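Biologist: Could you take me through one part of this model slowly? I would like to know how long it is, how covered it is, and what follows it.

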Amino acid sequence: MRSSGKSGKLLPQVHLYPDRSSRTLDLEEIASYLIEKLNRLSVDIRGPLFTERAGVNTRELARELARARIRDPMRKNSDSEPLPAEINLEQKLLQNPELRILGLFYDGVSLWRLALKLIPEEERNHGHLHIAFTNRLFGTWDEADARYHARVSLYGFPCLISTTGIVEAPAKPKEFYALRQHYLALGVPGAYEELKERFRGRFIDYDDGRLTEVMKGYVMQALFYHLTGHPFCEDRNCRLYNAHWQEEVIAAQLGPKKSEFCEAHARILQELQSSIT
Ligand SMILES: [Zn+2]
């Protein structure tokens, strides 16, 4: 339990759930950061959310997770019965939360519903803010262009933040894709790694040394969502900016800039800090 004191009436108890496969994600540092921003906040760090646990049938949960997988991003999830091999893989992931398998994509809403079932019943209320990190990549269906779009986070109850989403969802620089097409056309072996090296620093990669710093902003978005109903900001220099490009993520979360938040959000934080008893 990390706490700087008793939580005020309006402040939720924050529960952080780690992604064990992310070596550079430090939840202790994120908990301290939250308390630094709102010093009456009570924060605890738990075990991973999607894992084996008492009172939950692992095989059944694995089946539900396999069912939540998106097989074709151009088709709304048909909710078809998963194959035994898919269920086996999910079971292995539940039993080994330190594993990261790329290439799996989930319907965010289905995943979120499953996450809610894993939260203790007595904590399913506004007095609690559950923020679960996961390496599962999830997306939401966009009616406008009839396809799924990968997301970094889903803010609701609970909040989900994807450590794979931060790498895959915000778009890399345009030149990156142009060069990738070029290399693909030429069939150059090892080109992807070379390309990543060439653009190093301009996007968040797996096990990126900047991951914890970046995730502080996403956790603040979850907190603002919980407290005000609005997780995002229009200001590109504010940590609450809803970035669609990697370079926007880097600008909003890593600076350089004068302050972490825009004036309006800094003021809201200050007011929360002083008004909550
Ligand atoms: Zn702002």
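Modeller: Start with helix H8, and keep in mind that this is a predicted model. H8 has 18 residues. At 1.5 Å a residue, they should span 26 Å. The end C-alpha atoms are 26 Å apart, so the span agrees with what is expected.

Is H8 mostly covered or mostly bare? It is mostly covered: 14 of its 18 residues are buried. To count as buried, a residue must have under 20% relative accessible area.

Some partners from elsewhere in the chain can be named. Take leucine 34, which is found in helix H1 (residues 27-37). Its relative accessibility is 1%, so leucine 34 counts as buried. Set aside residues up to four places away in sequence, and leucine 34 touches Val14, Leu16, Leu41, Val43, Val219, Met220 and Leu223. H8 runs over 211-228. Among the contacts of leucine 34, then, look for Val219, Met220 and Leu223.

Now follow the chain out of the helix. Just after H8 comes glycine 229, with a positive phi of about 85°. Next, look at the loop between helix H8 (211-228) and helix H9 (246-254), where cysteine 233 lies.

What does cysteine 233 do there? Its SG atom coordinates the zinc ion. The other donors are Cys238 (SG), Cys262 (SG) and His265 (ND1). The distances are 2.1 to 2.4 Å. Along the sequence, the donor residues follow the spacing C-x4-C-x23-C-x2-H. Histidine 265 sits in helix H10 (residues 263-275), so its pairing with cysteine 233 ties together parts that are 32 residues apart in sequence.

Why is the arrangement tetrahedral? The 4 donor atoms subtend angles of 95 to 119° around the zinc ion, and that makes it tetrahedral. For four donors, the cut-off is that all angles lie between 85 and 135 degrees. The ideal tetrahedral angle at a metal is 109.5 degrees.

Check how covered these donors are. Cysteine 233 has a relative accessible area of 11%, so it is buried. Histidine 265 counts as buried because its relative accessibility is 10%. Cysteine 238 is at 0%, so it counts as buried too.

With cysteines in view, a student may ask about disulfides. How many does a search of the whole structure find? The search finds 0. Cysteine 159, for one, is in no disulfide. The nearest cysteine sulfur to it is that of cysteine 238, 17 Å away. Cysteine 159 is at 0% relative accessibility, so it counts as buried.

For comparison, look at helix H6 (residues 174-186). It has 13 residues and reaches 19 Å from its first C-alpha to its last, close to the 18 Å expected. Phe176, Leu179 and Tyr183 are buried in H6. These three cover an arc of only 70° around the axis, which puts them on the same side of H6. Helix H7 (191-198) is part of what covers the buried residues of H6. The face turned away from that buried side carries the exposed residues Lys174, Gln181, Leu184 and Ala185. Just after H6, glycine 187 takes a positive phi of about 65°. Glycine 229, just after H8, has a positive phi as well.

Conventions:
Residues numbered from 1 in each chain as written. Predicted model: local features only at pLDDT ≥ 70, side-chain atom pairs only at ≥ 80, totals over all residues. Heavy atoms only, no water. Donors = N, O, S within 2.8 Å, 3.2 Å for Na, K, Ca; no water. Tetrahedral: all angles 85-135°; square planar, octahedral: opposite > 155°, others 65-115°. Helix = DSSP H or I, 4+ residues; strand = E, 2+ residues; numbered from the N terminus. Buried < 20%, exposed > 50% of the residue type's maximum accessible area, 1.4 Å probe, protein only. Expected span 1.5 Å × (residues − 1). Arc of directions from axis to C-beta. Contact = heavy atoms within 4.5 Å. Disulfide = S-S within 2.5 Å.
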